[in-house]
Amino acid sequence: MHTNGANSELFDNLRLELRRGCLVVAVLAQLHTEHYGYALRKALADQGLAIDENTLYPLLRRLESQGLLASQWREEEKRNKRFYRLSPLGKEVLRDLLAEWHQMNSALKQILGDRGPASASESGSQSKKGK
Amino acid sequence: MPATNTDLLDRYLHAVKFWLPKAQQADIIAELGEDLLSQVEEREATLGHKLDEDELAQILKKRGSPMRVASGYLPEQRLINPAMLPVYRLVLKIVLCWVYIPLFAFVFLGPVLAFARPGQALLVCCVEYVRAAFMTVGMVTVVFALLDRYQVKFKHADNWNPRKLPRVPGVQDTRARWNHLAGFIFGVAAAAFWASLLWQRSEFSLSSGTRLILGPICRQMYWPVLGLTLASAFFDLVSALYPRWARVRSRVRIGIDAGMLVIVAIALKAGNFAEIAGGGFSAADLANKVAWFNGMIDYTLIAVAVVTVGDAIHEARCLLRGKPGKAAAILTTR
């Protein structure tokens with residue numbers, strides 16, 4: 001689909017932007033239940049949202065420094081692991097973020113209608129021709 | 001895990017630690033180490049044997065270079081506020097392209113042409129330009145970095161008013177632009193002439209042993225006149241490049257004119273611009289010549305004052321009217 005190098009880079013950048021906000025929501029939502037980093041990454045990947053370790057751990061630290069997560073070191077399976085969970089503030093913020101996400105999602109659904117990605121890009125190219 | 005693998009993992013963690021802030025090193029390294037061990041365990045479970053050094057190296061390679069891994073934990077840092085980048089670029093453009101190049105051209109053109117080896121002189125000039133350009137870029141960058149570091153807010157960016165936006169350049173602005181450009185060239189030439197003529201000079205040798213000895217007022221006037229002339233040239237250049245800054249330019253020009261009038265007034269009050277010595281003139285002759293010369297300077301200064309006052313009045317009128325030329329339309333109705 002994205003064979004051209006420049007197109008591929010452009011798509012990757014746009015995808016990265018699109019994913020950035022979604023990852024925060026996904027991580028916060030997943031941490032309703034306590035997880036340590038590796039288990040969290042596995043849980044997200046199992047649900048179809050693979051996340052790079054070099055993105056996840058700095059994100060966890062950032063969310064913790066913002067007060068959205070709480071963490072503690074604990075021994076499990078003979079190894080010290082850092083467990084994260086959603087803080088009370090994190091729960092409030094997640095609720096607001098989900099409301100925002102639902103609103104955006106329904107708006108996007110309306111904009112796209114019944115069209116899939118293929119027909120959406122088709123109509124895009126038609127409007128370009130119109131110009 | 002084999003000892004060689006433990007060593008490899010330790011070396012990797014140590015390398016990551018090097019790039020991390022001291023306060024967070026232990027915490028991050030502990031978590032990173034735990035994550036890597038979890039990955040190793042999972043891989044070993046999948047393969048059904050202990051990982052050898054190559055397989056561990058593969059996992060570490062996939063994780064990324066130590067510096068890249070550490071950079072993810074560092075706060076995003078910037079040298080200049082992205083919101084200030086347009087101003088930063090504008091300042092550099094004005095200074096490097098529209099001030100330095102013409103200034104170097106005017107200041108060094110004479111020496112380059114007069115030099116026995118013009119090619120060598122030109123090379124020296126270019127090297128000096130590059131050096132000055134590097135220093136300027138450095139200084140401007142430091143200033144903008146400090147502005148960002150100390151979070152200096154620009155009220156103008158927040159409290160802007162659409163009604164106070166500069167007007168669209170009009171048809172007459174083209175003529176005005178050339179006038180300003182001519183003003184800039186004349187200003188730089190005048191500054192270069194003034195600088196070279198009076199630089200550390202206290203007298204001039206004229207024909208037949210006559211000497212023109214400059215009075216102390218000439219030395220006192222040297223730097224103020226040079227500074228004002230260069231400032232005037234600079235603002236003429238800015239006006240030529242950015243005609244929409246007419247109001248700012250008018251205010252600055254009125255300031256420069258006021259400065260020039262002060263200098264002229266001081267000079268007129270001081271009088272006695274030069275003495276004449278030698279040449280075998282009689283005392284009466286000398287007195288006449290000195291009086292004539294100083295009188296001519298007086299008249300010249302009065303003429304300068306009149307022109308300056310005229311210019312200040314013109315600028316004040318432009319400022320009060322606010323629209324010297326007819327504005328061009330960007331949006332046209334069809």
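Which span, in Å, should the 26 residues of helix H2 of chain B cover at 1.5 Å a residue, and how far apart are its end C-alpha atoms? The helix, residues 22–47, should span 38 Å, and its end C-alpha atoms lie 37 Å apart, which agrees. This is a predicted model, so let's take a walk through it with that in mind.

**Chain B and its helix H2**

Chain B holds 11 helices and three strands. Following the sequence, the elements come in the order α-α-α-α-α-α-α-α-β-β-α-α-β-α. Of the 334 residues in chain B, 14% are buried. Take the contacts in chain B between residues at least 6 apart in sequence: 74% of them join residues at least 24 apart.

Back to H2(B), which has a kink of about 25 degrees centred on Ile28(B). Ile28(B) is also one of the buried residues of H2(B), together with Glu31(B), Leu32(B) and Asp35(B). A reminder helps in reading that list: an α-helix has 3.6 residues a turn, so residues three or four places apart point the same way. Just after the helix, Gly48(B) adopts a positive phi of about 80 degrees.

**Where the chains meet**

The contact between the two chains draws 11 residues from chain A and 11 residues from chain B. On the side of chain A that touches chain B, three elements give two or more residues each, listed here.

| Element of chain A | Residues |
|---|---|
| helix H2 | 37–46 |
| helix H3 | 53–65 |
| strand S3 | 79–86 |

H3(A) supplies the largest share of this side, five residues. Sorted by class, the side of chain A that touches chain B has three nonpolar, three polar and five charged residues.

**A look at Tyr84(A)**

Strand S3 of chain A is also home to Tyr84(A). Is this tyrosine buried or exposed? Tyr84(A) is buried, because 24 other C-beta atoms lie within 10 Å, and 20 or more are enough for a residue to count as buried.

Which residues does Tyr84(A) contact, leaving aside its neighbours within four places in sequence? They are Leu31(A), Glu34(A), His35(A), Leu40(A), Leu60(A), Leu69(A) and Ser71(A). Ala70(A) makes a good landmark here: Tyr84(A) and Ala70(A) are 14 residues apart in sequence, while their C-alpha atoms are 5.7 Å apart in space.

Conventions:
Residues numbered from 1 in each chain as written. Chains lettered and ligands numbered in written order. Predicted model: local features only at pLDDT ≥ 70, side-chain atom pairs only at ≥ 80, totals over all residues. Helix = DSSP H or I, 4+ residues; strand = E, 2+ residues; numbered from the N terminus. Buried ≥ 20, exposed ≤ 12 C-beta atoms within 10 Å, placed from the backbone. Contact = placed C-beta atoms within 7 Å. Expected span 1.5 Å × (residues − 1). Bend = angle between axes of the 7 residues up to and from the residue. Nonpolar A, V, L, I, M, F, W, Y, C, P; charged D, E, K, R; others polar.
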